[in-house]
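Biologist: Got a minute to go through this model with me? I'd like to talk about helix packing and then cavities.

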Amino acid sequence: MPSVILDPLLQPFRLKHLTLRNRVVSTSHEPAFGEDGMPKDRYRAYHVEKARGGVGLTMIGGSAVVSPDSPPAFGNLLLYRDDIVPWLRRLADDVHEAGAAVMCQVTHLGRRTSNFTGDWLPVVSASPLREPAHRAFPKAAESWDLDRIVADYASAAVRCKEGGLDGIELEAYGHLLDSFLSPVTNHREDEWGGGPENRMAFPRRVIRAVREAVGPDFVVGIRMSLDEAQPGGLTFDEALTAAQRYAADGIDFISTIHGSIERDASLAKAIPSIGTPLGPYLDFTGEIKRRLTVPVMHAARIADVATARHALREGLLDLVGMTRAQIADPHLVAKVKAGQEDRIRPCVGASYCLDAIYDSGDTKCVHNPSVGRELHLPHLVPRTTGRRRKAVVVGAGPAGLEAARVLGERGHDVVLFEASDQPGGQIRLAASNPRRADLIQIVDWRLAECKILGVDLRLGAYAEPDDILAEHPDLVIVAAGGTPNRSFLATGEGLVSDTWDVMTGSLRRPRGEILVYDDHGGYPAMDAVEVLTASPDLRIEYVTPERALAPDVGSMNSPAYLRAFTAHGVTITLARRLRSVRRTGDGRLAATLYSEYTEAETERIVDHVVVEHGTLPTDELYVELLPDSTNFGEVDHRALLAQEQQSVVRNEAGRYQLFRIGDAVASRNIHAAIHDALRLCLPV
């Protein structure tokens with residue numbers, strides 16, 4: 001373990017007049033925790049937690065918008081309103097009190113938003129080119145648009161300064177400023193288009209106006225793509241020249257981006273996710289740093305401390321962005337400083353933090369449910385002040401492991417039964433897709449924590465009621481998960497395989513034609529298809545009753561699946577429901593598909609049918625334990641949401657409280673299972 005004194009992560013850094021206590025940054029991103037466009041209590045608590053966790057600089061507002069014709073696309077803060085200043089001031093004061101600096105990313109979204117939200121003003125861009133992600137058709141900004149937008153940028157910067165922030169960062173990738181700089185989005189024939197000098201003229205005008213408005217001492221940076229890596233896009237040399245001009249105009253630091261974000265495929269490369277190398281653009285950033293005189297910041301899958309240290313030691317950057325890593329564990333820096341790197345909750349690269357914004361409205365970490373819930377779910381579990389209790393947890397999937405961890409942190413005596421000889425439950429299935437192997441870190445971290453906390457983990461132990469009663473528990477939590485649901489089929493349930501068969505290898509040497517039916521819409525069927533594409537001789541058809549492919553798989557994760565689908569030639573059939581399966585005379589399978597739109601049936605003759613329809617709870621043990629429980633399994637929802645102890649008594653003669661969590665309740669996802677466990681066990 002490097003000593004704290006020599007650890008490059010923990011060295012202070014001078015940024016203009018500002019001294020940061022270390023080199024670690026939570027770079028600008030929008031968690032969509034604002035209320036009414038303001039960074040109110042929830043938003044503030046999220047960033048204050050990072051400050052308390054030791055970060056040197058936390059950046060809010062990815063990206064806060066400067067004009068009403070830049071309506072929020074993903075929960076953006078509204079910097080064009082004067083009433084944001086007191087909220088900024090309160091956030092800045094609290095972050096400063098915790099020892100960190102704070103800045104705000106400032107932008108006009110340009111075309112990266114919708115025409116059909118906010119005030120319904122037409123969105124603008126350098127040229128009238130459709131934006132794929134949000135599907136806006138913008139108008140080409142007129143001279144009067146540019147005049148007012150420049151003024152809006154300056155006013156927004158002043159509000160940030162008045163709000164006590166330490167600086168701002170202009171956003172110039174995928175938004176308005178770079179729509180002028182990039183030749184792929186700037187087709188203008190006036191003074192704002194054409195050659196590189198003309199294309200960078202509008203961003204430079206904005207930078208100069210901002211600098212004049214805030215004065216010489218306020219920190220102003222820019223986050224920009226230094227190579228769009230697309231045909232006809234901004235090249236490295238052109239972008240570097242622009243960055244040098246920007247620095248001359250008053251920019252104090254550059255935060256580097258490689259690639260573009262307008263399409264799902266390019267977005268997933270610019271913000272690399274699970275299954276991709278760590279720090280893929282560090283050498284690229286190092287080359288930029290060698291050519292610029294201003295400090296350089298960078299964040300792209302710098303998910304672990306070792307990669308961050310390497311980047312700093314090799315001089316590839318000045319400030320290291322560990323943004324998703326600090327969503328997973330906002331106390332990352334404090335743990336490094338305390339010599340507890342092995343206890344950092346790992347970022348596994350699932351990118352649920354990004355996809356959840358569109359899926360469920362705001363950022364969520366796949367395995368840290370306290371993110372965004374800091375006002376009522378602490379990141380650091382406190383010891384109980386009550387009596388020590390004996391707890392039995394059944395099932396070592398994500399829900400059971402989290403319950404055991406939290407109860408252990410609380411100081412209780414915990415026994416964890418797991419029927420399999422390997423913990424992890426359905427996470428282990430998902431991680432058997434080689435590209436998603438890092439998901440197993442969700443399990444490994446909890447196992448390591450449970451060992452530190454003294455949890456009695458019993459693998460290969462199928463728990464019967466007598467086994468549980470022999471422990472004389474005060475509390476029993478059933479987290480036994482679920483089993484694949486094939487019961488939706490009218491006939492042929494015994495003829496089909498399920499996605500678990502694929503992921504465990506139980507479907508041995510599949511051959512010929514295979515139909516994968518997905519009535520789930522999430523990851524399991526997509527994983528199964530991706531695994532099956534490793535067999536080059538298989539002909540795969542993916543069938544779903546949905547009108548879109550896997551609607552619960554977001555834009556950060558879908559590109560990798562679609563790459564596998566396309567490379568293997570997987571046939572995709574939408575809007576068909578699998579009704580039944582029968583055996584044909586030659587031993588193959590006939591799958592009957594039904595269209596709810598034409599009310600007609602069609603038949604596929606294939607060699608295998610694989611189905612995904614979620615899980616049914618494994619609840620037999622729970623049912624057997626109900627009669628001797630004090631609460632008959634009842635959960636007081638009011639107490640649960642208020643983080644109070646469960647006190648329901650329905651059976652005075654009962655011997656223990658009984659609850660079930662995770663998929664033992666209903667088929668859901670990893671985050672839901674862990675959230676169940678955390679909020680149930682925290683008050684115990």
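**Helix packing and cavities**

Modeller: Sure. This is a predicted model. In it, helix 1 (residues 41-52) packs with helix 2 (residues 84-97) at an angle of about 20°, and their axes are 9 Å apart.

Biologist: So are helix 1 and helix 2 roughly parallel or roughly antiparallel to each other?

Modeller: Roughly parallel, because angles under 35 degrees count that way. The crossing of the two is right-handed.

Biologist: Which residues make the contact?

Modeller: From helix 1, Asp-41, Tyr-43, Arg-44, His-47, Val-48 and Ala-51; from helix 2, Trp-87, Arg-90, Leu-91, Asp-94 and Val-95. By class, that contact has six nonpolar, four charged and one polar.

Biologist: OK, switching to cavities. How many are there of 30 Å³ or more?

Modeller: Five. The largest has a volume of about 150 Å³.

Biologist: Which residues are closest to the centre of that largest one?

Modeller: Arg-111, Gly-174, Asp-178, Thr-185 and Glu-262, out of 16 that line the largest cavity. Its lining divides into eight polar, six charged and two nonpolar residues.

Biologist: And what's the volume of the second largest cavity?

Modeller: About 100 Å³. Of the 15 residues lining the second largest cavity, Cys-347, Ser-351, Cys-353, Cys-365 and Val-366 lie nearest its centre.

Biologist: Which elements give two or more residues to that lining?

Modeller: Helix 11 (323-328) and helix 13 (352-360). Helix 11 gives the most, with three residues.

Biologist: How does the lining of the second largest cavity divide by class?

Modeller: Ten nonpolar, three polar and two charged.

Methods
Residues are numbered from 1 along each chain as its sequence is written. This is a predicted model: local features need pLDDT of at least 70, side-chain atom pairs count only at pLDDT 80 or more; totals for chains, interfaces and linings use all residues. Side-chain values use heavy atoms; hydrogens and water are left out. Axes are lines fitted to C-alpha atoms, for helices over the stretch in contact, and angles run from 0 to 180 degrees between N-to-C directions. Helices (H or I, at least four residues) and strands (E, at least two) are DSSP runs, numbered from the N terminus. Angles under 35 degrees count as roughly parallel, over 145 as roughly antiparallel, 65 to 115 as roughly perpendicular and the rest as oblique. A crossing is left-handed if the near helix is turned anticlockwise from the far one by less than a right angle, and right-handed if clockwise. Contact means heavy atoms within 4.5 Å. Ala, Val, Leu, Ile, Met, Phe, Trp, Tyr, Cys and Pro count as nonpolar, Asp, Glu, Lys and Arg as charged, and the others, Gly among them, as polar. On a 1 Å grid over the protein atoms alone, a cavity is a set of points where a 1.4 Å probe fits but cannot get out, and a pocket is an open set with protein on both sides within 12 Å along at least five of seven lines; lining residues have an atom within 4 Å of a point. Grid points are joined across faces, edges and corners, and a volume is the space filled by probe spheres set on the points.
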